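Let's take a friendly walk through a protein model, one piece at a time. Have the picture ready and follow along.

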Amino acid sequence: MDRIAKLASQRAVVIFSKSTCCMCHAIKRLFYEQGVSPMIHELDEDSRGKEMEYALIKLGCSPTVPAVFIGGKFVGSANIVMTLQLNGSLKQMLIDAGALWL
């Protein structure tokens, strides 16, 4: 849990992902297309990936990936991030976290 919190606070946007997950790919692309460079942690390529996945489950991530943190705070997985994008509030969250300069 501490490792997740530490990693999540290292950048304005942090995404815990799996390299083979199509929803993870879609969420990463959403951020890249907005000019955001998120820190990506591929759990299936990390020796401590299973441990981090378990910590994400304890945080309430379901499914565990993609798990998106903005400004060090857990936002949610793909459904929540897409909802925020569609209702227009994701951009303001990114600006507030310093991930976008507009």
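Begin at Val-68, which lies in strand 3, spanning residues 67-70. Helices (H or I, at least four residues) and strands (E, at least two) are DSSP runs, numbered from the N terminus. Before going further, keep in mind that this is a predicted model: local features need pLDDT of at least 70, side-chain atom pairs count only at pLDDT 80 or more, and totals for chains, interfaces and linings use all residues. Residues are numbered from 1 along each chain as its sequence is written, and side-chain values use heavy atoms, with hydrogens and water left out.

Is Val-68 buried or exposed? Val-68 counts as buried because its relative accessibility is 0%. Here, buried means under 20% relative accessible area, exposed over 50%, and partly exposed in between (1.4 Å probe, protein chains only). Leaving aside residues up to four places away in sequence, Val-68 touches several others, among them Val-14, Ile-27, Phe-31 and Val-81. Contact means heavy atoms within 4.5 Å.

Two of those partners, Ile-27 and Phe-31, bring us to helix 2, where they are buried along with Cys-24, Lys-28 and Leu-30. These buried residues cover an arc of only 155 degrees around the axis, so they sit on the same side of helix 2. The arc is that of the directions from the helix axis to the C-beta atoms. The face turned away from that buried side carries the exposed residues Cys-22, His-25 and Glu-33. On the buried side, the packing partners are strand 1 (13-17), strand 2 (39-42), strand 3, helix 4 (78-86) and helix 5 (89-96). After helix 2 comes Gly-35, with a positive phi near 85 degrees.

Now look at helix 3, residues 49-59, where Gly-49, Met-52, Glu-53, Ala-55 and Leu-56 are buried. Their arc around the axis is only 160 degrees, which puts them on the same side of helix 3. Lys-50, Tyr-54 and Lys-58 are exposed on the other side. The buried residues of helix 3 pack against helix 1 (2-8), strand 1 and strand 3. Just after helix 3, Gly-60 has a positive phi of about 105 degrees.

Finally, consider the cysteines. A disulfide is a covalent bond between the sulfur atoms of two cysteines. The cut-off used here is a pair of cysteine sulfur atoms within 2.5 Å, and a search of the whole structure finds zero disulfides. Why does Cys-61 have no such bond? The closest cysteine sulfur, in Cys-24, is 11 Å from the sulfur of Cys-61, too far for a bond. Cys-61 is also buried, with a relative accessible area of 6%.
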